[in-house]
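I opened this notebook to record what I looked up, entry by entry, and the cut-offs I used along the way.

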Amino acid sequence: MKFSLASTVTASCLVCASGFHAIAPMQPLTTELNASRSAQKKASRTQWLESRGLSNSVATSEGTEVAGIMKNDKGLEYVKLVHPESGASCEVYLFGGVVTSYKDGDGIEFIAVRPDAKMDGSKPISGGLSHCWPQVGPGRCYGGFGPGDIQQHGFARNMMWEIMDSSDTAVKIQLKPNDYSKTMWDKDFVCTFSVALEAGELKTVMNVKNEGVEESFDFQAALHSYYTVSSLENLEITGSFEGKEFLNKLVGEVGEMQTEERATITIGEEYDRVYKGVNDPVLKDAGTGKKLKISNQAGWEDTVIWNPYGDENMGFNKFVCVESVKFDPVTLNAGASWEGVLVLKPEALEA
């Protein structure tokens, strides 16, 4: 996705204006006007952030991306994170609490958003690290779990999350019950999602807490993660897949359990496969010369690989879903918490 960052353009204009000031007699007026507009925008931005109890963070170096709270051209708010040393960046939308972009210091994008995605809040964003909570899939799927009256993949992905804390390189957001969620799932919960941008990796932490006094509740969770690829023919997926059983959901009416015989997975057909007990996939893209280690360090125990092969409207050839999942229902007692930790680490492909 591409967003115009007005403050970045203004900063460039200011540098150009100051550079010509010494030789062009009319330039001081232009410089003054540009500086005034820049100051007005910065003051407005600061006031807006402070009204939400947040610190303002604006990059000032020429060519440096801006970190802070922004809006897309449809009016949806997102948090932009920028690492001051590596130049890596990340975008986190408050609608759905979804990470929609992660670029490393070389400017390579690793998170995909489908071309048919709605970015106006009218439906869940099709792409990014999308939350499936408190259930995965339709009601009563994957072993019988599911309250049954919750929409597919739960409600967390189409609710507004609130910012708890924010800086140039990290943001923590939360989701609590409201009238909408209570019509489907009347439980006392609080979900938090933390995103931290390091120089060479992106770390996310999802935390679910039962804030009830006595009652326990069950849930499933997943990050329905879309990752960019230069082309599916350039993609290889490695990890501890070989010899593992998986559910091929595209066989028969209810799917079929099969055994993975390959050490390296390639995609040349429609995919919807559930690998329980696999949580260490690595994406290798010969087109970009990069690999992405998907390190599920806690909570996320299973992996789903999904691709709508052949669907041009979805942009099938430019992404693969490699989802971080907890399929077996978690029973959370009153006052207890569960945590899922995902770290994305890009590296150069070995020669």
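Is Asp272 buried or exposed? I found Asp272 buried, with a relative accessible area of 14%, where buried means under 20% relative accessible area, exposed over 50% and partly exposed in between, with a 1.4 Å probe and protein chains only.

Ground rules. I am working with a predicted model, in which local features need pLDDT of at least 70 and side-chain atom pairs count only at pLDDT 80 or more, while totals for chains, interfaces and linings use all residues. Residues are numbered from 1 along each chain as its sequence is written, and side-chain values use heavy atoms, with hydrogens and water left out.

Entry on salt bridges. I counted a salt bridge where a side-chain nitrogen of Lys or Arg is within 4 Å of a carboxyl oxygen of Asp or Glu, and the structure holds 14 of them. Asp272 belongs to one, in which its side chain meets that of Lys249 at 3.7 Å, N to O. Lys249 lies in the loop between β12 (245-248) and β13 (256-259) and Asp272 in strand β14 (residues 271-275), so this pair ties together parts that are 23 residues apart in sequence. For strands I took DSSP runs of E with at least two residues, numbered from the N terminus, with helices being runs of H or I with at least four. Unlike buried Asp272, Lys249 counts as partly exposed, at 29% relative accessibility.

I then looked up Arg273, whose side chain meets that of Glu269 in a salt bridge at 3.4 Å, N to O. Arg273 counts as buried at 10% relative accessibility, whereas Glu269 is partly exposed with a relative accessible area of 43%.

The pair of Glu91 and Lys80 was next, and I noted 3.1 Å between the closest N and O atoms of this salt bridge. The two residues come from distant parts of the chain, Glu91 in strand β3 (residues 89-93) and Lys80 in strand β2 (residues 77-82), 11 residues apart. Both ends are buried, Glu91 with a relative accessible area of 6% and Lys80 with one of 5%. I also recorded a network of salt bridges that links Lys291, Lys293, Glu347 and Glu350.

Entry on the first hairpin. Staying with Lys80, I asked which residue it faces across the strands, and found that Lys80 in β2 is the bridge partner of Gly68. Strand β1 (residues 68-71) pairs with β2 in the antiparallel sense over 4 bridges, two strands being paired if DSSP finds at least two bridges between them. Their hairpin has 5 residues between the strands, and Gly75 takes a positive phi near 95 degrees there.

Entry on cysteines. How many disulfides does the structure hold? I found 0, using a cut-off of 2.5 Å between a pair of cysteine sulfur atoms. For Cys132, the closest cysteine sulfur is that of Cys321, 9.4 Å away and therefore too far for a bond. Cys132 counts as buried at 1% relative accessibility, and Cys90 does too, at 0%.

Entry on the nonpolar cores. I defined a core as a set of buried Ala, Val, Leu, Ile, Met, Phe, Trp, Tyr and Cys residues joined through side-chain atoms within 4.5 Å. The largest has 60 residues, of which Trp133, Tyr227, Ile237 and Leu344 touch the most other members. A second, separate core has 14 residues, including Val136, Val304, Met314 and Phe327.

Entry on two buried strand residues. Ser130 is found in strand β5 (residues 129-132) and counts as buried at 5% relative accessibility. Setting aside residues up to four places away in sequence, I listed the contacts of Ser130 as Val98, Ile125, Arg157, Ala222, Leu223 and His224, a contact being heavy atoms within 4.5 Å. Thr204 is found in strand β9 (residues 202-210) and is buried, with a relative accessible area of 1%. With the same sequence exclusion, the residues that Thr204 touches include Leu129, Phe193, Leu223 and Gly340.

Entry on a loop residue. I closed with Glu242, which is found in the loop between β11 (235-238) and β12. Glu242 touches Glu260, Glu261, Arg262 and Ala263, not counting residues up to four places away in sequence. Its C-alpha atom is separated by 9.9 Å from that of Val278, 36 residues apart along the chain.
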